[in-house]
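User: I'd like a close look at one part of this protein, and then a walk outward from there into the rest of the fold. Could you take me through it in one go?

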Amino acid sequence: MKSIKKQYIKWAVVLSVFTVMVSCQSDYLETDPTTAASEEAAYSSASNLMAIINGMHRDMYYRQNDNQGQNGQGGIMIMMDALADDLVFPSTGNGWYVSTVRWQDQVNENASNDFYPYQFYYALIRNANLVIANGPSVPAPNASDAATIKMAIGEAYAFRAFCYYMLVQIYGKRYVPGAANTQLGVPIRLVANEVPLARNTVEEVYAQINKDLDEAAARLTGTRATKSHFNDKVVLGLRARIALTQGNYTAAAAAAKSARVGFPLMDNATYTAGFNSLAGNNEWMWGATIIADQGDTFSNFGAYMSRNFNSTNIRQAPKAINSKLFLSFPSTDIRTKNFDPSGAHTALGLPSTYSKFPYTSQKFLAASQADSRVDVPYMRAAEMYLIEAEALARLGDEAGSKIVFNEFAKNRNTAYPGATSTGAAYITEILNSRRLEFWGEGFRFLDLKRLNLGLDRSGANHSSVVTNNVMTVANTDPRWEFLIPRAEINANPLVVQNPL
C-alpha cells in the first residue's frame, strides 16, 4: 500500500490524475500495477471505470494527508463533532483532535486540519469530474457494461454533490432560507484542470449540488455492490439533508419519507451491539465497511471513537457525551445504554490501564482490543425519520410530524408516551432526539450552523483545560467558517479569504 502524504497542486488536490491509481489495492484495475496505472487503462473498460469509483469509496475511509487523525470521512466526522457541544473530551490524552476542540484549526490558514477537508473533498471532486467527462466514451460492448458505465457516472455525480455540500458548509457561511445567499461559498470545479477560479456564492453552490443530484438520480437504481456505494435511496437521503439545510421543508419531508423505505429501524438489541456492522444492520443506508487488510490500525474511525480498542488515545481520552444532554433523557431510552454515567463499562472488561471518566461512550465498539475496525455510518434511516418530523413541524403540520416522530421515538424508548409538547418546544424535542441519536456521527457542528445557534458547552462535563476555556461561541462569530487554506490562496489568485 502506497500513501501520498503531501498532495499539492495548484488547487490543493491530489498530484495523481487518479487518487485510486496510486493508493489502492491491485484488484481495482484489470491491467496495470496500481502505482503506474495509465489514464488510457482507466477508460478502457466498464470495470476499470467502476474501479475508480471503488477507489473513491475506499478513500472515504482510508485517505490520509499529514497524520493518522486525517482518516477520510471518519476523521472529518470527528472534527465536526469535536467542534461542537455533545462530544466531550474528558482528557487531552495524547493530543488527537484537541486543537479542533479548542477551535484553533479553522482559524489558522496554515493548519493541517484546516487544509484537510478542502483537500479531501476536492480530490474526490477531481476524480468525479474525470469519470463524468470520460465515462461516456468508455466502450460498452454489451448491456451489462452499459449498465456499469451508467452506474459509475451516476455515482460520480452523487460524489460531487456530497463533496460540495460538505465544502460549502465548512468553508462558507450558512445557507439562509428565503435569502439571496450571495455570501461566498467555494469554487465550483466541473472540469479536472487547474485553471484559477473565484469562489461561487453559496446559492450557486447549492444549485450545482441539486443539479448533480438530479443527474445521479437519473442513472442510479436500487442495485449496488455494497452499502458503501450510492444508490437511488442514498441520493434521496442526500436530497432530504440538503433540502432541510436550505429550508425547503416540503422537499425535505418528501425525500426523507421515500428514502427510508426498505430500511427499517433497528431493534434495541442491535442498537447496543457496537455500531460496527454495516451489512448486518438493516437501518444503515450508506456507510463504510473497513476490510481487515485495507484499514490502518491507528487511523481508523474506531481508533478514536470506540471504547475498547487498545490505543493510547482510547486508554487516556475515551469519548464522552454531554452530561446535560444525557440526563435529559429517561433511562428507558435505549440510546442512553450506550453511555455509562460511572465510566466503568464493567460489561466490557476493560483492563485497569484504561482511564475511567463519567458519561463515556460504548456506542462504537471496535472488532477487538487489538483491531480498531468499526464500520463507519454515513446515513441511517433514523436520520430520515427525524428530517421528516422536523420538516413537517416547521411546515405547521404538527399532527403529521408527530405520527412520524412517535413511530421513531417509541422504537428507541418503548415507554415513550408520545409527543405532548407543541410549537417551538416540540421542535426542540425533535432536535434533542437528533443530538442523542447521532452522537459521534459528525452532525452536530453543521446542525448548530444550520440552525444559526451558538456553541454552549457550559454547565456540563466539558473540561476547561481540554477546551482551553472555549465554552461558548456566539452564532455571529466568524470562526464558524473555516479559513480558506493558504495553499489554495497561494496557488489561486482569484480566491479571497474568509474574515477572521
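Which residues is Thr336 in contact with, leaving aside its neighbours within four places in sequence? Please start there, then move on to the charged pairs and whatever else helps me read the model.

Analyst: Leaving aside neighbours within four places in sequence, Thr336 is in contact with Phe326, Phe329, Pro330 and Ser331. Do keep in mind that this is a predicted model. Thr336 sits in the loop between α14 (323-327) and β4 (339-340). Its relative accessibility is 6%, and because buried means under 20%, Thr336 counts as buried.

From that loop, let's turn to the charged side chains. Side chains of opposite charge can pair when their charged atoms come close. Here the count comes to 27 salt bridges.

A good one to open first is the pair of Glu283 and Arg380, whose side chains meet at 2.6 Å, N to O. Glu283 lies in the loop between α11 (268-271) and β2 (284-288), while Arg380 belongs to strand β6 (residues 376-380), so this salt bridge ties together parts that are 97 residues apart in sequence. Glu283 is buried, with a relative accessible area of 0%, and Arg380 is buried as well, at 1%. The pair also belongs to something wider: salt bridges that share partners join Glu283, Asp333, Arg335, Lys363, Arg380, Arg412, Glu437 and Glu441 into one network. If you are colouring residues on screen, that set makes a handy selection.

Next comes Arg435, which forms a salt bridge with Asp85, the closest N and O atoms being 3.7 Å apart. Arg435 is part of helix α17 (residues 423-437), and Asp85 is in the loop between α4 (72-82) and β1 (87-88), so the pair ties together parts that are 350 residues apart in sequence. Both Arg435 and Asp85 are buried.

A third pair is Asp214 with Arg239, where the closest N and O atoms are 2.8 Å apart. Asp214 is in helix α8 (residues 202-219) and Arg239 is in helix α9 (residues 232-245), and the two residues are 25 apart in a pair that links distant parts of the chain. Asp214 is partly exposed, with a relative accessible area of 45%. Arg239 is partly exposed too, at 23%.

While you are on helix α8, have a look at Asp212, which is found there as well. Asp212 is buried, with a relative accessible area of 1%. Not counting residues up to four places away in sequence, Asp212 touches Tyr157, Arg160 and Ala161. The C-alpha atoms of Asp212 and Thr223, which are eleven residues apart along the chain, are separated by 19 Å.

Helix α4, the one that comes before the loop of Asp85, deserves a stop of its own. Eleven of its eleven residues are buried, so α4 is largely enclosed by the rest of the structure. Among these buried residues are Gly72, Gly74 and Gly75, together with Ile76, Met77, Ile78, Met79 and Met80. Asp81 is also one of the buried residues of α4.

Two asparagines are worth a glance for their backbone. Most residues other than glycine have a negative phi. Asn181, however, has a positive phi near 55°, and Asn469 has a positive phi of about 65°. Asn181 lies in the loop between α7 (143-171) and α8, and at 2% relative accessibility it counts as buried. Asn469 lies in the loop between α19 (464-467) and β8 (472-473), and with a relative accessible area of 60% this residue is exposed.

Finally, let's step back to the whole protein. There are 20 helices and eight strands, and of the 500 residues 60% count as buried. A compact globule with 500 residues would have a radius of gyration near 23 Å, and the 22 Å of this protein agrees with that. Its C-alpha atoms fill a box of roughly 60 × 50 × 45 Å, taken along the principal axes. Among contacts between residues at least 6 apart in sequence, 69% join residues at least 24 apart. The protein exposes about 17500 Å², with carbon and sulfur atoms supplying 53% of it. As for charge, the mean positions of the 45 positive and 44 negative charges are 4 Å apart.

Definitions and conventions
Residues numbered from 1 in each chain as written. Predicted model: local features only at pLDDT ≥ 70, side-chain atom pairs only at ≥ 80, totals over all residues. Heavy atoms only, no water. Helix = DSSP H or I, 4+ residues; strand = E, 2+ residues; numbered from the N terminus. Rg over C-alpha atoms; globule rule 2.2 N^0.38 Å. Buried < 20%, exposed > 50% of the residue type's maximum accessible area, 1.4 Å probe, protein only. Contact = heavy atoms within 4.5 Å. Areas by Shrake-Rupley, 256 points an atom, 1.4 Å probe, with all protein chains shown as cover. Lys, Arg positive; Asp, Glu negative; His and termini not counted. Charge placed at Lys NZ, Arg CZ, Asp CG, Glu CD. Salt bridge = Lys/Arg side-chain N within 4 Å of Asp/Glu carboxyl O.
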